[in-house]
Amino acid sequence: MSAGPPAQTAQDDDPGDRPSGNQSTATPVKYEEVSKRYPGTDSDAVHELSLEVPAGEICVLVGPSGCGKTTAMRMVNRTVEMTSGDILIGDRSVRQGDAAELRREIGYVIQQIGLFPHRTIAENIGTVPGLLGWSRAEIEQRVEALLKLIDLNPEFGDRYPSQLSGGQQQRVGVARALAVDPPVMLMDEPFGAIDPINRSRLQNEFLRLQAELRKTVLFVTHDVDEAIKMGDRIAILRKGGEVAQFATPTELLMEPADDFVEDFVGADRALKRLALMRVSDASLWKAQICRAGDPTGPVRTDLASAEVPHALLVDAESKPVGWLSERDLAAEQVPARPDSPADPLIDADSILRDGLATLLQSGSRYAPVVDGRGHLTGILSVEIISEFLSSGEATESDLAAVERPHE
Amino acid sequence: MSSWVADGWLADGWLAGAAVSSDFFRDRSGGGCIQENKLFCPDWAINNLDRYSDPTLQHLVLVVSAVAAGFVIAFSLAVLAHRHRFLSSPFLAATGVLYTIPSISFFFLLLPITGRGAVTAIIALTAFTLQIIFRNMTTGLRNVPPEVTEAARGVGLTATQVLWKVEIPLAMPEIIAGLRIATVSTVALATLAVFANGGGLGAEIVTGSNITFKTGIIIAGSIAILMAIVFDALLLLTGRLLAPWKRVAL
Ligand SMILES: Nc1ncnc2c1ncn2[C@@H]1O[C@H](COP(=O)(O)OP(=O)(O)O)[C@@H](O)[C@H]1O
Ligand SMILES: [Mg+2]
């Protein structure tokens, strides 16, 4: 323990009732002509990078492998020391002061997660508070709040990382990074090693968290789809860490700056726009709902003019139960157990692209959309999606209106 | 105890040149069994068990001192070599030489410097343990997953904290494994301490230049084996306690 307990920042004074939410004021991050040349190489890994990440936004650094994304990101917390230039967090240069102390004030999440295998989940999450000298009770309280925030059973606090799934481990990685509520987070391909289904779930969760926490996030990925989904702003880098375009996802899709960006974004730009919108933002169809025991007569009448040609049975909490078939409707009353189940259910928070994927996978033309608690909010159909793609021909102003999926 | 450490406790020891006294043969309690030097004479064993308590204690001291000293030195060397990679090869080579020198030659090399006695024996035994402990510890440190140290650094642990809070705890299973091998081998090797006038159970095995008293060898040997087993079990247990994360059901 060579470093003494560092001076606590103002926000550390009262960790007890530290809410999970937007306590620490997010801070902008500014690159000023930052270059990095690794010893023994004859060109810059990052060359005179200038970039301004507004406070509270997710800025994605995206680009082909080896273009310098990781290097650019790691110079912020000085796990890589820059060769020239400067990086400001707020109005303070990262060059000032001790690197280890700087890192404690910056959340850090990496693809390989890097949880400490010999520490329990609670100890892992409590690492930085421990380094900052918080009391045991304060740490305990904070860990509990964070476990809740990442939706992990509190019992998991006593387990070791090897006892968790990859997705759960990465959630813990995020919680560890959030432990002292840092204003800035660095995330290097955080979901890159997670299987596609869990990746999309973790992405949604993080966007939900971010809507609440409003951190300034530098997010590195090589996957342009992820960039479009996660970024408020995207910096497309080419080799040498040079910015090819720095723009909102919409701008990037509508007006790629040059051939490199156009190539990188891909020929399916139109489809990629589906990532700009959440299912809940689409004009969903209204379901023809009914409850068990309702007389079937009126249901049949209403169906004749409904958008969805089938009636959906919901329970008392308006959670979808199943679709009524012709045979179900032939009875006097709506049965409690209809012939076909309601799945697939689509999460209202998922992006349109994932909603479409779910539809296509299940072979249905439409599916019930439910919110976080499972309550029905509407029906998503293939027609809605094709309309979004064609009608809008998604003009820029349309997209500007929906702008960010998580706002 | 100080006397044997300082000047050699075995007055008529092997290096002193005198043949070991014929205690065994004056002692008639074993009767014909002793005369015929049978494989094992239970009667003699029962009557003479107390003669093994001092050698056992001396043996314990030899082993514990040598392994403790070896651990402290090898641990420090491993930490140094971990910080400064270029030191790794020279350390490995040096401890390798010490490991390979036959202990008996080492005793004679040390005689002019440290004289006869337990200190000489302990030095030679310590030198022997270095390589085993050093090698295991460096392996353990090297096996720490890079993403774990990377994350540790990234969240704000200093280099010293990374070493003590992450790398060494994670290397602990290998460190303990090294200690187990070193301790068990040292228990066996310490029987040679008698050649340096260092005492220990060897004194009850090498009782004369051309005499082999089988019962004595069996008893002393058994005590050594038992000692090795106990040490091994204790270290195994320590290892388990220090690495609880290794025991979790997945
Ligand atoms: N420690 C290092 N030493 C030398 N070169 C490095 C080092 N780390 C990265 N590089 C080089 O710098 C360039 C950018 O690497 P990196 O930032 O990891 O790219 P990305 O994250 O975009 O894949 C690559 O050419 C890589 O080989
Ligand atoms: Mg990278």
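**Ligand 1 and the interface of chains A and B**

In this predicted model, an oxygen atom of ligand 1 lies 3.2 Å from a backbone N or O atom of A:Cys67. Two further backbone approaches to ligand 1 come from A:Gly66 and A:Lys69, and chain A also forms an interface with chain B, where 26 residues of chain A are in contact with 22 residues of chain B.

**Ligand 1**

- A polar backbone atom of A:Gly66 is 2.7 Å from an oxygen atom of ligand 1, while for A:Lys69 the distance from a backbone N or O atom to a ligand oxygen is 2.9 Å.
- Ligand 1 taken alone exposes 560 Å², and the protein buries 58% of that area.
- The residues around ligand 1 include the run A:Ser65, A:Gly66, A:Cys67, A:Gly68, A:Lys69, A:Thr70 and A:Thr71, together with A:Tyr38 and A:Ala45.
- Sorted by class, this shell holds three nonpolar, five polar and one charged residues.

**Interface of chain A and chain B**

- The area buried between the two chains is about 2,200 Å², and carbon and sulfur atoms give 63% of it.
- One salt bridge is counted between chain A and chain B, in which the side chains of A:Arg74 and B:Glu150 meet at 3.2 Å, N to O.
- Six residue pairs across the interface are in polar contact, with both residues at pLDDT 80 or more.
- On the side of chain A that touches chain B, the elements giving two or more residues are helix 2 (99-104), strand 6 (106-110) and helix 4 (127-131).
- The residues on that side of chain A divide into twelve nonpolar, nine polar and five charged.

How values were computed: Residues numbered from 1 in each chain as written. Chains lettered and ligands numbered in written order. Predicted model: local features only at pLDDT ≥ 70, side-chain atom pairs only at ≥ 80, totals over all residues. Heavy atoms only, no water. Contact = heavy atoms within 4.5 Å. Buried area = accessible area lost by both parts, 1.4 Å probe. Salt bridge = Lys/Arg side-chain N within 4 Å of Asp/Glu carboxyl O. Polar contact = N/O pair within 3.5 Å; in protein donor to acceptor, adjacent residues only side chain to side chain. Helix = DSSP H or I, 4+ residues; strand = E, 2+ residues; numbered from the N terminus. Nonpolar A, V, L, I, M, F, W, Y, C, P; charged D, E, K, R; others polar. Near = heavy atom within 4 Å. Areas by Shrake-Rupley, 256 points an atom, 1.4 Å probe, with all protein chains shown as cover.
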